[in-house]
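Dear colleague,

Please find below the sequence and the structure that I am handing over to you. My account of the findings follows directly after them.

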Amino acid sequence: MSTDRRISTQTHGHVRMIGLDRAAKRNAFDLAMLRQLAEAFTDYEDDPQLRCAVVFAHGDHFTAGLDLAEVGPAVARGEQLFPVGAVDPLGLHGRVRSKPVVLAVQGWCLTLGIELMLAADIRIAAGDARFGQIEIRRGIFPFGGATLRLPQVAGWGNAMRWLLTGDAFDAAEALRIGLVQEVVEPGKQVERAAEIAATIAAQAPLGVRATLSSARTTVERGPEAALATMMEEVRAIMGSDDAREGMQSFIERRAARFTGT
């Protein structure tokens with residue numbers, strides 16, 4: 001298996017940029033690329049200086065999906081697609097990230113690309129983006145989260161329209177069904193995602209992570225599960241340095257300077 005780098009990373013302040021970097025293959029994911037993406041997510045999760053990440057793609061297309069010629073047999077053999085102990089970029093197995101991810105797509109975004117979108121928190125699409133959950137046309141079905149999350153995001157009928165046909169749809173339809181939150185001019189999607197990430201990174205890290213956790217618990221386990229721990233978590237955060245800084249900045253009418261403590 002090649003060890004060539006397929007994932008790029010850069011840091012801008014408290015924001016980590018994670019780029020799919022196999023443009024010559026339309027950013028199709030082979031085993032090496034899957035594992036490198038998990039490593040990039042793990043590095044982001046474990047670095048206390050990083051507060052938000054942007055996932056984007058080099059080249060004209062976000063991804064052609066899985067390189068099934070290599071990944072398919074590995075799945076059939078029961079191989080791990082992500083390293084043991086690493087953060088799962090799909091948020092399905094093992095370690096799940098606790099920090100937010102903004103994702104930017106352009107061109108073709110197929111199969112695993114849509115599932116990475118569904119696992120992210122905020123999605124931005126270029127106007128030229130085209131989507132397809134086409135596993136059904138390859139004799140299989142989505143196993144990276146689309147059957148779990150697309151009905152939640154888009155509603156049953158919208159999800160089945162695209163999951164059961166494998167038809168392609170455009171950015172306008174992705175916006176209509178809630179798969180993306182904004183559609184921007186082609187070439188502006190990464191810039192817009194980075195702007196949103198920078199805004200998130202300027203907020204109190206403890207509050208951001210608690211918000212993400214509470215919302216995720218509500219979706220996955222129901223509002224009662226989220227309510228069961230909400231006040232305990234709120235009380236803990238209200239005793240933090242960041243909560244005191246937030247109140248002081250309000251009194252002094254200035255931007256807060258949060259440290260994550």
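Strand S3, residues 52–57, is mostly covered in this predicted model, with six of its six residues buried. Cys 52, Val 54 and Phe 56 point one way from S3, whereas Ala 53, Val 55 and Ala 57 point the other way. In a regular strand the side chains alternate between the two faces of the sheet. Both sets of S3 side chains are buried.

S3 pairs with strand S2, residues 15–20, in the parallel sense, and six bridges join the two. One of the bridge partners is Ala 57 in S3, which is matched with Leu 20.

Which sheet contains these strands, and in what order do its strands run? It is an open sheet of six strands with mixed pairing, in the order S1-S2-S3-S4-S6-S9. Its edges are strand S1 (7–12) and strand S9 (182–184), each of which pairs on one side only. On average, neighbouring strands of this sheet are turned by 20 degrees against each other, direction ignored.

Further along the six-stranded sheet, strand S4 (101–105) pairs with S6 in the parallel sense over four bridges. Val 102 has Ile 122 in S6 as its bridge partner. Strand S6 covers residues 122–126, and four of its five residues are buried, so S6 is largely enclosed by the rest of the structure. S6 also pairs with S9, again in the parallel sense, over three bridges. In that pairing, Ile 124 stands opposite Glu 182 in S9.

Gln 189 has contacts to residues of this region. Gln 189 belongs to helix H7, which covers residues 189–201. Is Gln 189 buried or exposed? Gln 189 counts as buried because its relative accessible area is 6%, below the 20% cut-off. Apart from its neighbours within four places in sequence, Gln 189 is in contact with Ala 104, Val 105, Gln 106, Ile 124, Ala 125, Ala 126 and Val 184.

There is also an open sheet of three strands, in the order S5-S7-S8, and its pairing is mixed as well. Strand S5 (108–110) and strand S8 (168–170) are the edge strands, each pairing on one side only. Here neighbouring strands are turned by 25 degrees against each other on average, direction ignored. S5 pairs with strand S7, residues 130–132, in the parallel sense over three bridges, and Cys 109 stands opposite Phe 131 in S7. Helix H3, residues 112–119, packs on this sheet and touches S5, S7 and S8. The direction of H3 makes about 80 degrees with that of S5.

H3 has a part in the internal space of the model too. Rolling a probe the size of a water molecule over the atoms shows where empty space is left. The structure holds one cavity of 30 Å³ or more, and the largest cavity has a volume of about 40 Å³. What lines the largest cavity? The lining consists of Phe 41, Val 55, Pro 89, Arg 97, Val 101, Leu 103, Leu 116, Ala 119 and Ala 120. S4 and H3 each supply at least two residues of this lining. By class, the lining has eight nonpolar residues, no polar residues and one charged residue. Val 55, one of the lining residues, is also among the buried residues of S3.

The final residue to report is Leu 206, whose place is in helix H8, residues 205–221. Leu 206 counts as partly exposed because its relative accessibility is 32%, which lies between the cut-offs of 20% and 50%. Leaving aside its neighbours within four places in sequence, Leu 206 is in contact with Ile 237, Ser 240, Gly 260 and Thr 261. Of these, Thr 261 is 55 residues from Leu 206 in sequence, while the two are 7.3 Å apart in space from C-alpha to C-alpha.

With kind regards

Terms used. Residues are numbered from 1 along each chain as its sequence is written. This is a predicted model: local features need pLDDT of at least 70, side-chain atom pairs count only at pLDDT 80 or more; totals for chains, interfaces and linings use all residues. Side-chain values use heavy atoms; hydrogens and water are left out. Buried means under 20% relative accessible area, exposed over 50%, partly exposed in between (1.4 Å probe, protein chains only). Contact means heavy atoms within 4.5 Å. Two strands pair if DSSP finds at least two bridges between them. Axes are lines fitted to C-alpha atoms, for helices over the stretch in contact, and angles run from 0 to 180 degrees between N-to-C directions. On a 1 Å grid over the protein atoms alone, a cavity is a set of points where a 1.4 Å probe fits but cannot get out, and a pocket is an open set with protein on both sides within 12 Å along at least five of seven lines; lining residues have an atom within 4 Å of a point. Grid points are joined across faces, edges and corners, and a volume is the space filled by probe spheres set on the points. Ala, Val, Leu, Ile, Met, Phe, Trp, Tyr, Cys and Pro count as nonpolar, Asp, Glu, Lys and Arg as charged, and the others, Gly among them, as polar.
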